[in-house]
Amino acid sequence: MVFWLVLGCGTICRQVTERLSGRDGGRVLAITDDESVVETLRDESIPARRADPADPAAIATVDTPDVVFVAGDRTDVNRAALEAARDRFPDASIVAYTGGNATAADRERFDDLADRLIDPSLAIANRVLEDAASPSAEAAIELRGLLSSIDGRLAVVAHDNPDPDAIASAVALVDVAESVGIDADACYFGDISHQENRAMVNLLDLDLRNVDHDESLEEYAAFALVDHSRPGVNDQLPEDLCPDIVIDHHPPRGPVPGEFVDLRQGVGATSTVLTEYVDRFDLAFDPSTATALLYGIRVDTSDFTREVSPTDFRAASRLYPHVDTSLLRQIEQPSLEGDTLETIARAIKNRDQRDSVAVASVGRISDRDALPQAADQLLAMEGVETTLVFGFDDKMVFLSARSRAADVDLGETLRDAFDQIGSAGGHADMAGAQLEIGVLGSADTEAEIESIISVVEEVIMDRFYEALETRPGVPVGAYTQTSEWLFTQRGEGDDGESA
């Protein structure tokens with residue numbers, strides 16, 4: 001049984017004493033000259049005596065403790081109590097708190113007599129130094145230096161058809177850049193067509209530039225990529241472009257160019273990383289940006305249930321006081337359009353289910369962002385753990401997959417199945433792909449088109465089932481010859497809204 005003697009009971013004493021008294025097999029005695037503290041400790045069943053902890057007589061009859069904790073607020077009283085305790089209990093282990101007004105001479109005396117020293121000024125200094133030397137702090141310093149060196153306008157580019165995480169990250173990086181005097185635009189190629197994503201942009205009045213694939217970008221002196229890491233892969237920038245800034249949380253599929261690269265694979269969202277930068281730059285959180293960032297974190301972590309880290313929770317906690325919760329609720333609950341409901345109905349009706357895997361073609365689509373909602377609905381069905389839903393738009397076929405199976409990595413599965421004939425990517429439980437059906441361009445009649453689509457449906461289903469049965473990383477070999485004439489190769493990597 002460890003016997004703790006507590007001399008003085010100031011600011012830090014109470015919590016420590018309560019914890020000590022709660023330890024099994026431990027014994028505590030507190031001595032303080034504050035009668036109210038004595039009464040409070042006794043009310044909590046902690047033995048306490050009223051006496052001057054600096055008076056040697058107060059401890060003259062106390063049994064030899066294993067540990068002495070000198071815990072008053074005043075430095076002079078703590079120093080006298082320490083000297084008395086060391087004289088009375090030469091073999092005891094002593095932990096001493098210096099108090100708030102210790103001089104250099106006091107610290108030297110405390111250091112001579114105590115086995116462990118608690119110095120508030122040193123503790124604060126150490127915390128500041130640790131915080132300043134943390135990787136995120138060093139990265140913020142480096143980012144500030146790079147931004148300040150830009151001579152001209154910065155394009156902050158999200159991936160094609162950006163999701164909430166990419167949108168929020170781009171807007172937040174624009175805020176960071178403008179805080180150091182750099183003009184910047186949040187840019188994206190493709191469309192924002194998902195109902196929630198459109199609601200997010202419109203309700204929060206986010207300033208985004210939709211760039212056409214053949215539009216000149218000569219006005220920009222520098223480029224930043226957010227929520228993806230390679231130019232020309234899931235964006236329409238030149239592949240040989242060397243971006244100035246790359247901030248992402250996905251594992252890269254190849255070398256990542258860039259002057260400043262921050263890849264945080266241990267966090268659940270790029271919005272988490274940008275929240276840290278806004279905080280590190282000591283910026284006030286704009287309510288629209290804060291709401292967008294929190295929504296980005298929630299979507300990418302599936303409401304803090306997927307690939308979430310302590311850093312994501314800390315970022316959400318930092319953002320929440322600045323979030324417009326009424327707008328957030330409106331973003332999360334947009335009305336479903338008729339075409340989306342029809343797509344979901346076709347997915348349920350046309351599903352091909354093998355054990356716990358359901359695959360469905362929904363035929364022609366007008367809104368590809370109905371696909372992930374259909375995949376989610378199939379996943380909600382009893383006995384289904386993995387889903388793939390795909391549909392056709394002009395010469396393109398878009399795929400969306402979901403899984404809650406512990407042994408399935410959808411990102412790798414779709415890459416194995418479709419990277420050879422299109423582009424694919426995503427997370428372990430949420431992924432997407434897109435394929436170009438080149439042969440459709442040569443079809444003359446509706447019957448020919450339907451015949452080609454029927455063959456494509458069979459190829460997609462079989463390649464997906466085969467990839468699920470093949471260990472990750474092993475290319476899918478079936479239907480290679482068929483795929484060559486059906487599909488036209490496109491760039492790799494799809495982590496956009498279609499997932």
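**Exercise 1. List the buried residues of helix α3, then find what covers them and how the helix sits on its sheet.**

Step 1. In α3, the buried residues are T75, N78, A81, L82, A84, A85 and R86. The model examined here is a predicted one.

Step 2. The cover over these buried residues includes the strands β1 (3-7), β4 (67-70) and β5 (93-97), together with helix α4 (104-113).

Step 3. Check the length of the helix. Helix α3 covers residues 75-88, and at 1.5 Å a residue its 14 residues should span 20 Å; the end C-alpha atoms are 20 Å apart, so the two values agree.

Step 4. Now place the sheet. Six strands make up an open sheet with parallel pairing, in the order β3-β2-β1-β4-β5-β6. Its edge strands, β3 (48-50) and β6 (116-118), each pair on one side only. From one strand to the next, the twist averages 15°.

Step 5. Take one pair of strands. Four bridges link β4 and β5 in the parallel sense, and V67 has S93 in β5 as its bridge partner.

Step 6. Add the helices. Helix α2 (residues 35-43) packs on this sheet and touches β2 (27-32) and β3, with its direction at about 160° to that of β3. Helix α3 also packs on the sheet, where it touches β1, β4 and β5, and its direction makes about 175° with that of β5.

**Exercise 2. Work out the strand order of the open sheet that has mixed pairing, and follow β18 within it.**

Step 1. The order of the six strands in this open sheet is β13-β14-β15-β16-β18-β17. The edge strands are β13 (352-354) and β17 (423-426), and each pairs on one side only. The twist averages 15° from strand to strand.

Step 2. Look at one neighbour of β18. Strand β18 (residues 430-436) runs antiparallel to β17 and is joined to it by four bridges. G426 has A431 in β18 as its bridge partner, and S423 stands opposite Q434 in β18. Three residues lie between β17 and β18, which form a hairpin.

Step 3. Look at another neighbour. Strand β16 (residues 396-403) is antiparallel to β18, with seven bridges between them. Here A401 stands opposite A431 in β18.

Step 4. Consider burial. Six of the seven residues of β18 are buried, so the strand is mostly covered.

**Exercise 3. Decide how helices α10 and α11 are oriented to each other, and name residues that meet between them.**

Step 1. The axes of α10 and α11 come within 10 Å of each other and cross at roughly 155°.

Step 2. Angles over 145 degrees count as roughly antiparallel. The two helices, α10 and α11, are therefore roughly antiparallel.

Step 3. The crossing of α10 and α11 is left-handed.

Step 4. On the α10 side, A290, L293, L294 and I297 take part; they meet D312, A315, A316 and L319 in α11.

**Exercise 4. Find where D227 and D303 lie, and state whether each is buried or partly exposed.**

Step 1. Start from the general expectation. Most residues other than glycine have a negative phi.

Step 2. D227 has a phi near 65°, which is positive, and is not a glycine. D303, also not a glycine, has a positive phi of about 55°.

Step 3. Locate both. D227 is in the loop between β10 (220-226) and β11 (245-248), while D303 is in the loop between α10 (287-300) and α11 (310-319).

Step 4. Apply the cut-off for burial, which is under 20% relative accessible area. D227 has 1% relative accessibility and so counts as buried. D303 has a relative accessible area of 43% and is partly exposed.

**Exercise 5. Check the length of helix α16 and list its buried residues.**

Step 1. Helix α16 (residues 446-469) has 24 residues, which at 1.5 Å a residue should span 34 Å. Its end C-alpha atoms are 35 Å apart, which agrees.

Step 2. The buried residues of α16 are I449, I452, I453, V456, V459, I460, M461, D462, R463, F464, Y465 and A467.

Step 3. Set this against the whole protein. Buried residues account for 52% of its 499 residues, and its secondary structure comes to 17 helices and 18 strands.

Key:
Residues are numbered from 1 along each chain as its sequence is written. This is a predicted model: local features need pLDDT of at least 70, side-chain atom pairs count only at pLDDT 80 or more; totals for chains, interfaces and linings use all residues. Side-chain values use heavy atoms; hydrogens and water are left out. Buried means under 20% relative accessible area, exposed over 50%, partly exposed in between (1.4 Å probe, protein chains only). The expected span of a helix is 1.5 Å times one less than its number of residues. Contact means heavy atoms within 4.5 Å. Two strands pair if DSSP finds at least two bridges between them. Axes are lines fitted to C-alpha atoms, for helices over the stretch in contact, and angles run from 0 to 180 degrees between N-to-C directions. Angles under 35 degrees count as roughly parallel, over 145 as roughly antiparallel, 65 to 115 as roughly perpendicular and the rest as oblique. A crossing is left-handed if the near helix is turned anticlockwise from the far one by less than a right angle, and right-handed if clockwise.
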